[in-house]
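This report describes one protein model, from its main sheets down to a single residue. Keep the structure in view while reading.

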Amino acid sequence: MSDYVIWLDALGMGDVARVGGKNASLGEMISNLASAGVKVPGGFATTAHAFREFLRQDRLAERIQAALESLDVEDVDKLVETGKTIRQWVMDAEFPPQMLDALRNNYTKMVSEHDGELAVAVRSSATAEDLPEASFAGQQETYLNVVGFDSVLDAIKKVFASLYNDRAIAYRVHQKFSHTDVALSAGIQRMVRSDCGASGVMFTLDTESGFQEVVFITSSYGLGEMVVQGAVNPDEFYVHKPTLRAGRPAVIRRGLGSKMQRMVYNDSPDVEGRVRIEPVSASERGNFSLTDAQVEELAGYALSIEKHYGRPMDIEWALDGVDGGLYIVQARPETVKSNERPGQNLERFRLCSPGEVLATGRAIGQRIGQGPVRIIADAREMNRVQPGDVLVTDMTDPDWEPIMKRASAIVTNRGGRTCHAAIIAREMGIPAVVGCGNATDLLTDGQEVTVSCAEGDSGIVYKGKLKFEVTSQATGEMPELPVKVMMNVGNPGRAFDFAHIPNAGVGLARLEFIINTMIGIHPRALLDYANQSAELKAAIDARIAGYAGPVEFYIEKLVEGISTLAATFAPQTVIVRMSDFKSNEYANLLGGDIFEPHEENPMIGYRGTSRYLSEHFRPAFELEVKALRRVREEMGLTNVEVMIPFCRTLEEAQQVTALLAENGLERGKNGLRLIMMCEIPSNVILAEEFLQYFDGFSIGSNDMTQLTLGLDRDSAEISHLFDERNPAVKRMLQLAIQACRKQGKYVGICGQGPSDYPELALWLMEQGISSISLNPDTVVSTWLMLAEQAQQMKNPAVAGQA
């Protein structure tokens with residue numbers, strides 16, 4: 001150790017002022033987390049003292065300070081010119097002799113500890129970097145596959161110069177950091193051979209919602225810079241922390257990225273550090289870049305790191321393709337979602353009505369922006385972006401930070417949810433849709449568009465300026481109620497977001513929503529894949545890429561959707577309704593037209609329990625049962641309960657419960673409750689008899705209303721008659737509630753009525769219903785209304801005086 005160089009294993013978080021946050025963190029992990037199995041490549045770091053000594057050469061520090069003091073960072077042209085000048089000054093400067101000797105001695109020692117040629121990564125680490133209050137991620141450079149002492153010296157200079165990148169200069173000004181208060185350390189670290197493996201980024205929370213019970217991992221082939229820079233659309237994985245800690249299968253969601261290219265070693269040195277970019281083969285793109293076992297191993301590292309630091313973390317990792325090991329190459333505090341204070345108002349954006357879709361990608365930011373499209377080819381055109389424009393480009397480089405804040409939204413062809421551009425967009429509160437593929441071709445410069453990131457995982461660019469609304473809800477502690485307020489949640493992609501809303505669980509999780517959005521293929525087409533046409537097989541193959549086969553794809557995607565909901569709301573109950581598509585809806589799935597009959601009135605046709613029991617559909621229903629068993633038994637998410645829809649007769653009730661038991665979902669086993677949708681008048685007339693087969697009712701007020709009043713709820717001509725508050729409908733609801741209460745069984749409601757009519761929700765509470773399941777956007781207002789009425793019911797005298 002010297003004043004100029006310190007080995008990583010001698011560092012800890014107390015050394016941030018000496019070697020910056022990144023290098024201090026590497027040392028902290030090497031010293032403290034090796035026993036937990038966390039592997040970090042070794043190396044050494046230059047000190048802040050070394051950096052300042054370097055800047056004393058030829059009065060470099062004074063010249064830099066003079067140039068920056070007079071700079072207006074909002075003048076982009078001047079910012080670019082000044083940054084370029086300063087960086088050249090740094091590259092032209094000489095190392096102080098003592099610093100040069102220290103670097104040579106320590107590099108020689110490092111090389112001697114490894115057989116053969118040693119490749120290193122030279123990474124930046126700023127002394128104000130990676131602190132909880134600010135994110136300097138990606139503002140300084142990293143150089144990979146650096147070989148030879150002279151190349152290392154050149155890379156160190158480039159790292160020092162990167163402190164004066166345009167984006168870094170502007171960021172310090174915006175965050176009110178003094179330029180002179182920030183020093184730079186260069187970390188010289190053994191390369192992990194991820195060029196022939198994989199690499200990526202992981203966060204110990206969901207980056208969009210801030211939900212903290214998952215680890216979010218992105219992965220792509222080759223060196224990690226491609227993921228970090230947003231040059232590829234990576235694979236994505238979510239791992240549920242409590243399930244992982246319990247030693248059970250914990251991957252609750254997977255997304256196959258296109259992974260079109262990768263960064264690998266180059267055989268001959270060049271100015272970029274001996275790396276090149278090559279295309280990825282179609283066969284590799286069609287597979288996930290990590291196995292589930294590797295994903296869970298990485299998530300285990302993430303848990304150890306988060307526990308050690310005591311806060312959510314942003315971590316870069318690499319899979320060595322030579323030794324097969326997984327390594328951590330960076331770890332820093334997450335600085336966006338983890339800094340949001342609990343109990344604050346929850347702002348929600350909602351598109352009033354969708355329009356023509358122009359492009360889709362990954363949603364960043366859960367907001368909506370709109371304005372004229374401004375297509376930017378490269379940094380030379382940045383000045384074309386005006387306040388309120390929608391910035392559209394191939395790949396948003398963090399260098400563009402000074403102009404990104406002008407945009408109302410950002411749209412890119414490439415990039416994933418953990419690239420630096422996405423991180424900066426979140427930090428600025430700007431909606432971004434990344435990884436669209438060809439947005440620069442699909443959109444036209446000057447065209448008015450609406451960019452919506454408020455509809456789940458998918459970000460959508462719509463034609464024109466569409467109407468949207470912004471609401472704000474308090475998320476503090478809610479008053480107690482005599483009834484449970486649950487939520488209707490269909491889209492697993494919104495689950496993490498909805499978890500912040502006060503709730504007592506999910507009263508209705510629609511399996512058909514998962515089938516429609518996450519699978520999109522008729523189950524019979526997958527079961528009978530071998531006999532399908534070549535054209536249909538090709539379409540199916542494109543969708544099931546990355547999974548073991550057609551049937552396994554169907555089961556696994558159901559598992560992912562169900563387990564995402566179950567994990568998000570655990571330990572609260574999640575009631576999963578088995579698929580309730582009508583024949584016309586099933587026909588819309590890929591291959592569905594082959595297997596579905598034409599019905600004049602599918603609303604009261606081949607659906608629900610009758611479909612499950614049919615010889616034609618039973619094998620497909622059994623796939624749903626297998627998925628539920630995996631979630632409950634293998635993953636241990638026993639908060640999942642099963643709901644059977646549209647059960648017309650007692651014979652069907654007996655047969656469907658027997659079919660479930662035959663396939664391993666036996667009522668009462670491992671605490672399983674079976675709930676029946678009470679949505680047909682026969683269910684109410686024979687309520688006591690139906691309840692012999694089930695543990696309770698969930699009232700489907702939509703179907704109950706149309707069947708009680710004898711109307712088609714899809715008919716515009718008689719839509720004015722559809723009203724859940726009709727006395728006949730309310731009598732049906734009342735009788736169902738009374739039957740369940742008489743037998744001491746669960747009774748809830750999951751239809752649309754209570755969400756639309758708060759007075760109906762109040763009436764249901766007065767009837768003694770166990771739970772009311774509402775659309776997420778009505779939960780808080782309905783809850784508060786019910787609490788006020790419940791208080792008045794307790795104190796009628798006070799209510800009368802009011």
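How many strands run in the closed barrel, and is their pairing parallel or antiparallel?

## The barrel

The model, which is predicted, contains a closed barrel of 8 strands with parallel pairing. The strands follow one another in the order 23-24-25-26-27-28-29-30. From one strand to the next, the twist averages 30°.

Strand 23 is joined to strand 24 by 2 bridges, and these strands run parallel. M487 has V506 of strand 24 as its bridge partner. Strand 23 also pairs with strand 30 (residues 771-774) in the parallel sense, over 4 bridges. Here the bridge partner of M486 is S773 in strand 30. Elsewhere in the barrel, strand 26 (residues 640-644) and strand 27 (residues 674-678) run parallel and are joined by 3 bridges. M643 has I675 in strand 27 as its bridge partner.

Strand 23 is largely enclosed by the rest of the structure, because 4 of its 5 residues are buried.

## The open sheet

A second set of strands forms an open sheet. It has 6 strands in the order 9-8-7-6-12-13, and the pairing is antiparallel. Strand 9 (251-255) and strand 13 (326-333) stand at the edges. Each has a single partner strand, so one side of each is left without a neighbour in the sheet. Neighbouring strands of this sheet are turned against each other by 20° on average, direction ignored.

Within the sheet, strand 6 (residues 198-203) and strand 12 (residues 313-319) pair in the antiparallel sense over 6 bridges. The bridge partner of F203 in strand 12 is D314.

## A helix across both

Which strands does helix 19 lie across? In the open sheet, helix 19 (residues 550-569) lies across strand 8 (235-240) and strand 9, and runs at about 125° to strand 9. In the barrel, helix 19 lies across strand 23, strand 24 (506-510), strand 25 (574-577) and strand 26. Its angle to strand 25 is about 160°.

## A residue in a loop

R494 is found in the loop between strand 23 (484-488) and helix 15 (495-498). Is this residue buried or exposed? The relative accessible area of R494 is 18%, and a residue counts as buried under 20%, so R494 is buried. Apart from neighbours within four places in sequence, R494 is in contact with R348, A454, E455 and G456.

## The whole chain

The secondary structure of the protein chain comes to 32 helices and 30 strands. Its radius of gyration is 30 Å, close to the 28 Å that the globule rule gives for 802 residues, so the chain is as compact as a globular protein of that length. Along its principal axes, the C-alpha trace spans about 95 × 65 × 50 Å.

Of the 802 residues, 60% are buried. The chain exposes about 30,800 Å², and carbon and sulfur atoms supply 48% of that area. Among contacts with a separation of 6 or more, 70% are between residues 24 or more positions apart.

## Confidence

The pLDDT of the protein chain averages 91, and 94% of the residues score at least 70. Where does the pLDDT stay under 50? One such stretch is residues 130-137, for which the model has 26 contacts beyond four places in sequence. Over residues 798-802 the pLDDT is also below 50, and this stretch has 1 contact in the model beyond near neighbours in sequence.

Conventions: Residues numbered from 1 in each chain as written. Predicted model: local features only at pLDDT ≥ 70, side-chain atom pairs only at ≥ 80, totals over all residues. Heavy atoms only, no water. Pairing = 2+ DSSP bridges. Axes fitted to C-alpha atoms, helices over the stretch in contact; angles between N-to-C directions. Contact = heavy atoms within 4.5 Å. Rg over C-alpha atoms; globule rule 2.2 N^0.38 Å. Buried < 20%, exposed > 50% of the residue type's maximum accessible area, 1.4 Å probe, protein only. Areas by Shrake-Rupley, 256 points an atom, 1.4 Å probe, with all protein chains shown as cover. pLDDT = per-residue confidence, 0-100.
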